[in-house]
Protein chains: 2
Amino acid sequence: MRVPARSVVYREQTAATWIFINTEGVLKTFKDLRSGRRWVTAFLFPKDVFGLAKNGLYVRTAQAITPATLYRIESHALIALLRRDAELQFQFLSKVTHELREAQRQTIVVGRRDAVGRVAMFIQQLECTCCDRHNARDIELPMSRSDIASYLGLSLESISRATAKLQRRGIVAFPNRHLARILDRAQFDRLSKAI
Amino acid sequence: MRVPARSVVYREQTAATWIFINTEGVLKTFKDLRSGRRWVTAFLFPKDVFGLAKNGLYVRTAQAITPATLYRIESHALIALLRRDAELQFQFLSKVTHELREAQRQTIVVGRRDAVGRVAMFIQQLECTCCDRHNARDIELPMSRSDIASYLGLSLESISRATAKLQRRGIVAFPNRHLARILDRAQFDRLSKAI
DNA sequence: CGTAGTATTGAAACGGATCAATATCTGTGG
DNA sequence: CCACAGATATTGATCCGTTTCAATACTACG
């Protein structure tokens, strides 16, 4: 499946027919809260599995941020397959376990009170995720500031102020809105690791 | 395995020899942060599995809050078993998927800014967990206020003020430090669900 | 019954949210 | 290719709630 940027792959509370794996591009999953806010729960990079259902319904909405390429398989088919093939299932289990760690990490990030720290951890997370180009020092931020804000549980303005502060202190440079470059690794690590 | 209250089941960064399942009692898992704070990541109730490793090491410390009874199995043995028995593995996968949902819920809870809302969601979570005695209206809070605070990412004082506020408003009564009783279900639900 | 850990309450300060104004970017059509 | 409009982002001022520090009260265990 090739999907253009901004297209909605599935919507929350609809029948969870398919399970997806991302092979190219970046997507996000989010929930619309009754307060009108939008809660971004995850960014999906290549190799990420998504579309796990709860009671046969999708829990979140999935939307492409950049053009993306996905594989999809029917949930029933996958489950039948997993039940038959223990080795395949084990790979899948590893995947879910990894997701669990990510979710727990996310809890830690959101639990931090200071905005600069959260943004630093977020940038570090992206750096790890896209580690293929780790030597190229520029980290891509395909998502909007607003997406980052609702992912980190902060206001859009706080993100802006945090990035400005990182830049002013000479820790991270933002050549443009979708790029970050770590200038002072020592200070950066202190921020992103000192929980 | 029977363990008395306060005993440490395993310590973070030690070799993850065993995987555990709780059958009776309540435990907590936590990380000691370099800031000196203690981050409580989970409370473990009967049927909860814990001790999943990362790179062969435990990620957190597990400690009993009340006297507890556990089963344990060697990680290698379990993995070998799962690789052979797809059906058993599937049950395990379901368990981990459930844990994943819990972790995601926890992110939502911690992401809320208001203390009263977080405490309400926490109490609701406990109510669901111990749903066997749902008709008995008293909810047990075996953990200390301090544990709740570091689980919810709040200060001990904020927990105290939040419970006081819930009590003053007639929404929840706290007959003693380890019990809660929901008095006004409508208001309570509005607090705990209005994300 | 006393002591140490645990919990509550009060006052002041800090930091993020919000509201508001302005700036910058992106994509579209002229 | 440029200009324009709408979306996106930055910056400033003020407000509100949590944190922190400090003092006091409670509880559990020896």
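A residue counts as buried when its relative accessible area is under 20%. By that cut-off B:Trp39 is buried in this predicted model, because its relative accessible area is 9%. B:Trp39 belongs to strand E5 of chain B, which spans residues 38-44. Its contacts, apart from neighbours within four places in sequence, come from both protein chains. Chain A supplies A:Thr107, A:Ile108 and A:Gly111. Chain B supplies B:Thr29, B:Phe30, B:Lys31, B:Leu33 and B:Ser150. B:Arg60 lies 21 residues from B:Trp39 along the chain, and 9.5 Å separates their C-alpha atoms.

In chain A, strand E4 covers residues 27-32. Five of its six residues are buried, so E4(A) is largely enclosed by the rest of the structure. E4(A) pairs with two strands. Strand E5 of chain A (residues 38-44) runs antiparallel to E4(A) and is joined to it by six bridges. Within this pair, A:Lys31 stands opposite A:Trp39. The two strands form a hairpin with five residues between them. A:Gly36, in the turn, has a positive phi of about 95°. Strand E9 of chain A (residues 61-64) is also antiparallel to E4(A), with four bridges joining them. Here A:Phe30 stands opposite A:Thr61.

A further sheet of chain A is open and has three strands, in the order E11-E13-E12. The pairing is antiparallel. E11 (138-140) and E12 stand at the edges, each with a single partner strand, so one side of each is left without a neighbour in the sheet. E12(A) and E13(A) are joined by two bridges. A:Val172 stands opposite A:Ile182 of E13(A).

E12 (172-173) and E13 (179-182) also help to cover the buried residues of helix H6 of chain A. Helices H3 (115-129) and H5 (156-168) of chain A contribute to that cover as well. H6(A) spans residues 185-193, and its buried residues are A:Phe188, A:Leu191 and A:Ser192. These residues cover an arc of only 90° around the axis, which puts them on the same side of H6(A). The face turned away from this buried side carries the exposed residues A:Ala186 and A:Arg190.

DNA strand C is surrounded by 19 residues. Those that come nearest are A:Ala115, A:Ser155, A:Ser158, A:Arg161 and B:Arg177. Of the atoms of DNA strand C within 4 Å of the protein, sugar and phosphate account for 68%. Polar contacts reach several parts of the strand. An N or O atom in the side chain of A:Ser158 is 2.3 Å from a phosphate oxygen. A side-chain N or O atom of B:Arg177 is 3.0 Å from a sugar or linking oxygen. A:Glu157 places a polar side-chain atom 3.0 Å from a base nitrogen. The elements giving two or more residues to the surface near DNA strand C are H5 of chain A, and helices H4 (145-152) and H5 (156-168) of chain B. H5(B) gives the most, with four residues. By residue class, this surface has ten charged, six polar and three nonpolar residues.

Notes
Residues are numbered from 1 along each chain as its sequence is written. Chains are lettered from A and ligands numbered from 1 in the order in which they are written. This is a predicted model: local features need pLDDT of at least 70, side-chain atom pairs count only at pLDDT 80 or more; totals for chains, interfaces and linings use all residues. Side-chain values use heavy atoms; hydrogens and water are left out. Buried means under 20% relative accessible area, exposed over 50%, partly exposed in between (1.4 Å probe, protein chains only). The arc is that of the directions from the helix axis to the C-beta atoms. Contact means heavy atoms within 4.5 Å. A residue is near a molecule or strand if one of its heavy atoms lies within 4 Å of it. A polar contact is a pair of N or O atoms within 3.5 Å; within protein, one must be able to donate a hydrogen and the other to accept it, and residues adjacent in sequence count only if both atoms are side-chain atoms. Ala, Val, Leu, Ile, Met, Phe, Trp, Tyr, Cys and Pro count as nonpolar, Asp, Glu, Lys and Arg as charged, and the others, Gly among them, as polar. Two strands pair if DSSP finds at least two bridges between them.
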